[in-house]
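Q: Could you take me on a close look at a single part of this model, and then show how that part sits in its surroundings? A connected account would suit me better than a list.

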Amino acid sequence: MATPYSIRISSQKGGVGKTTFAVNFSVALRELGYKVILIDSDFVNPAVSTYLGLDPHDIWLVDSIHGRKSVNESVVHTANGIDVVPGKLSVNVPRLSNRDLDAWLEKLKRTDYDFIVTDTQPGIAYADVLKFYNEALIIVTPDNPSCINAIRMVNRYDKAHLKNSVVVNMARHRPYELSKDDIEDAVSTRVLGVIPEDELVPLSIYEQRAAVELKRNGRFSSAVRRIANHYAVTVGGRGRGIGIQAGDGRGGKINALMRILHLR
Amino acid sequence: MGKVPFGVIVASHKGGVGKTTISVNIAVALKLLGYNVLLLDTDFTDPNIGVHLGLEDTDAGLLALAAGKITASRAISVHAPTGLHVLSCELEGSVAIPKLVYAVRLFNILLRSRYDFIVVDTPPGSFPISIFNKFTRLGKMMALIITTPDTTASTAAIKTAMMFDNANVAHELVINMDRKRRYSISPKEIREAYGKKAIAMLPFDESIPMSIGERIPAVLLKSRSGFSRGIIALAKIVAERAKAIADKDSKTGD
Ligand SMILES: Nc1ncnc2c1ncn2[C@@H]1O[C@H](COP(=O)(O)OP(=O)(O)OP(=O)(O)O)[C@@H](O)[C@H]1O
Ligand SMILES: Nc1ncnc2c1ncn2[C@@H]1O[C@H](COP(=O)(O)OP(=O)(O)OP(=O)(O)O)[C@@H](O)[C@H]1O
Ligand SMILES: [Mg+2]
Ligand SMILES: [Mg+2]
């Protein structure tokens with residue numbers, strides 16, 4: 001059987017929308033028919049369970065890694081249909097041994113998920129585990145500090161031979177913002193999509209629901225779904241194939257139209 | 001005993017809440033109030049202050065100073081429009097976090113410097129507060145915990161507060177990017193969670209991203225905006241706090 005496709009959602013700069021994207025992207029992939037697991041490996045400020053309003057829980061990612069638990073024992077099944085391994089809110093940041101981490105990630109790689117989406121804290125906390133990912137997405141906002149930081153992150157991924165792409169978030173199309181082309185030139189990696197700033201996001205966090213589910217056709221939701229579609233088309237075949245169908249069924253014209261609208 | 005600089009640490013566990021923006025603007029505001037100010041960027045992997053102020057990347061900065069390779073005057077850059085002093089990490093080798101002994105040496109140098117204020121920008125998350133031990137023992141330090149009015153940032157802020165409590169550092173809460181939305185966490189709720197009222201409430205302000213794009217701090221670019229007025233008021237509170245501590249020290253005498 002095919003192994004899961006593992007995507008690291010990352011940024012060098014904090015607060016650019018990693019968790020927001022990771023949650024909504026996972027749900028969007030799920031809606032395309034894939035089996036998705038979302039891992040909250042932000043050891044500083046885990047937020048996935050708050051964003052999704054998950055019930056209190058007794059096995060967290062760190063416990064699972066330390067206690068060498070199985071992936072199955074550690075997941076929370078959510079109403080959205082995705083599985084989540086939540087991160088533990090604690091004052092002290094845990095230190096994990098590379099051996100425990102490796103062992104756990106090996107187990108994860110042997111599950112039957114189509115996609116493993118990993119939310120992370122800013123930066124690269126455990127450079128050694130980069131080898132477990134098929135790809136890293138770098139979330140940026142269209143401003144200098146965020147993009148300059150992204151350049152450094154691209155370099156680190158390139159050194160680790162990890163495929164990487166950029167997603168622009170919170171675009172407001174202001175004159176002082178960097179454009180998609182500016183960013184693509186600066187970071188010299190592909191920009192997969194541009195997600196607009198949307199009031200729906202803070203509202204969805206407040207409501208503790210995924211934005212893509214709260215308002216399916218909002219500007220934010222469409223932009224995230226377009227990126228999920230991209231994965232359905234490019235790597236979806238690795239999984240059970242339902243995704244390709246669902247993606248194509250809904251895609252086609254609408255996708256093309258959205259692409260045109262997006263370019264304005 | 002000579003005068004010791006007053007440290008203002010700007011911190012939060014949550015990323016992107018405005019630490020760097022607020023550090024830069026408070027430092028400039030204190031400078032405009034006539035103080036001698038050093039702005040210190042302790043984001044070793046991603047120094048951002050230079051980008052905000054339009055300073056050139058340095059190849060001899062904080063790391064070289066901490067390693068004892070260069071003098072402070074060589075390591076520090078000057079922001080020409082204001083005369084603010086800035087110490088950031090060099091980009092080369094910035095991936096390597098400096099050793100604790102380096103940090104301690106750095107703070108020994110800074111403690112002997114002639115600044116009135118050292119404003120310290122930090123990366124998101126916890127950091128080894130022990131590097132500030134000397135400042136802490138002298139009581140010459142306060143932390144500003146930055147949050148935005150939403151659940152994750154506020155929860156993170158409580159964590160940051162616990163971290164400072166454990167280290168015996170006095171702290172105050174600053175709410176940033178307030179947009180008065182129906183689903184924003186109210187100041188009252190935040191106060192109940194944090195235990196006291198926020199020291200400042202800074203509005204969401206369109207001119208902030210613009211000022212970052214222009215590389216001119218908002219307090220200079222739009223000195224009358226709600227954000228800038230909030231920052232200047234905050235700088236005054238910080239200055240008063242520092243003065244109160246200094247007065248108390250001189251009374252108890254050495
Ligand atoms: N497209 C968007 N439109 C409007 N607001 C957004 C958007 N994306 C994210 N946000 C807001 O930005 C804030 C930060 O988002 P998020 O927590 O996802 O960032 P993060 O990168 O995970 O942060 P951290 O570095 O702390 O993990 C949230 O309050 C969220 O509401
Ligand atoms: N009061 C405000 N109004 C509008 N935008 C703001 C405000 N404060 C900060 N911002 C915007 O928020 C973004 C993040 O700010 P900043 O870089 O200062 O956060 P930070 O906490 O230092 O981030 P990091 O965790 O990555 O160090 C910036 O792009 C800035 O434009
Ligand atoms: Mg996050
Ligand atoms: Mg910063």
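**A close look at helix H6 of chain A**

A: Happy to. Helix H6 of chain A covers residues 144-159, and its 16 residues reach 23 Å from the first C-alpha to the last, close to the 22 Å expected at 1.5 Å a residue. Please keep in mind throughout that this is a predicted model.

Let us start at the ends of the helix. At the N-terminal end of H6(A), A:Asp143 acts as a cap, with a side-chain oxygen 3.0 Å from the backbone nitrogen of A:Ser146. Just after H6(A), A:His161 takes a positive phi of about 55°.

Now for burial along the helix. The buried residues in H6(A) are A:Pro145, A:Ser146, A:Cys147, A:Asn149, A:Ala150, A:Arg152, A:Met153, A:Val154 and A:Tyr157. When you look at such a list, it helps to recall that an α-helix has 3.6 residues a turn, so residues three or four places apart point the same way. A:Cys147 counts as buried because its relative accessibility is 3%, under the 20% limit. In chain B, B:Cys89 is also a buried cysteine, with 3% relative accessibility. If cysteines make you think of cross-links, the count of disulfides over all chains is 0.

What covers this helix? Within chain A, the cover over the buried residues of H6(A) includes strand S1 (5-10), strand S6 (135-140), strand S7 (164-171) and helix H7 (180-187). Chain B takes part as well, as the cover also includes its helix H2 (49-53) and helix H9 (207-214).

Strand S7 of chain A deserves a closer look, and A:Asn164, which lies in that strand, is a good place to begin. A:Asn164 has a relative accessible area of 8% and is therefore buried, the limit being 20%. Its side chain makes a polar contact with the side chain of A:Asp158, at 3.1 Å. Leaving aside neighbours within four places in sequence, A:Asn164 is in contact with A:Ala136, A:Val154, A:Tyr157, A:Asp158 and A:Thr189. Two of these partners, A:Val154 and A:Tyr157, are among the buried residues of H6(A).

Since chain B helps to cover the helix, let us step out to the contact between the chains. Chain B and chain A bury about 2,700 Å² between them, and 53% of that is on carbon and sulfur atoms. In chain B, the residues that lose the most area to chain A are B:Asp46, B:Lys159 and B:Tyr183, together 24% of what that side buries. The contact takes 30 residues from chain A and 33 residues from chain B.

The polar side of this contact can be counted too. There are 4 salt bridges between chain B and chain A. In one salt bridge, the side chains of B:Glu206 and A:Arg174 meet at 2.8 Å, N to O. Residue pairs in polar contact between the two chains, both at pLDDT 80 or more, come to 10. On the side of chain B that touches chain A, H2, helix H7 (151-166) and H9 of chain B each supply at least two residues. H7(B) gives the most to that side, with 7 residues. H2 and H9 of chain B are the helices already met in the cover of H6(A).

To set the helix in its chain, chain A has 12 helices and 8 strands. Of its 264 residues, 58% count as buried. Among the contacts in chain A with a separation of 6 or more, 78% are between residues 24 or more positions apart.

Finally, a word on backbone angles, as A:His161 with its positive phi may have caught your eye. A:Arg68 has a phi near 50°, a positive value in a residue other than glycine. That residue lies in the loop between helix H3 (61-66) and helix H4 (71-74) of chain A, and it counts as partly exposed at 43% relative accessibility. In chain B, B:Met177 has a phi near 55°, again positive in a residue other than glycine. B:Met177 is found in strand S7 (residues 170-178) of chain B and is partly exposed, with a relative accessible area of 31%.

Methods: Residues are numbered from 1 along each chain as its sequence is written. Chains are lettered from A and ligands numbered from 1 in the order in which they are written. This is a predicted model: local features need pLDDT of at least 70, side-chain atom pairs count only at pLDDT 80 or more; totals for chains, interfaces and linings use all residues. Side-chain values use heavy atoms; hydrogens and water are left out. A disulfide is a pair of cysteine sulfur atoms within 2.5 Å. Buried means under 20% relative accessible area, exposed over 50%, partly exposed in between (1.4 Å probe, protein chains only). Helices (H or I, at least four residues) and strands (E, at least two) are DSSP runs, numbered from the N terminus. The expected span of a helix is 1.5 Å times one less than its number of residues. Contact means heavy atoms within 4.5 Å. A polar contact is a pair of N or O atoms within 3.5 Å; within protein, one must be able to donate a hydrogen and the other to accept it, and residues adjacent in sequence count only if both atoms are side-chain atoms. Buried area is the accessible area (1.4 Å probe) that two parts lose on being put together, summed over both.
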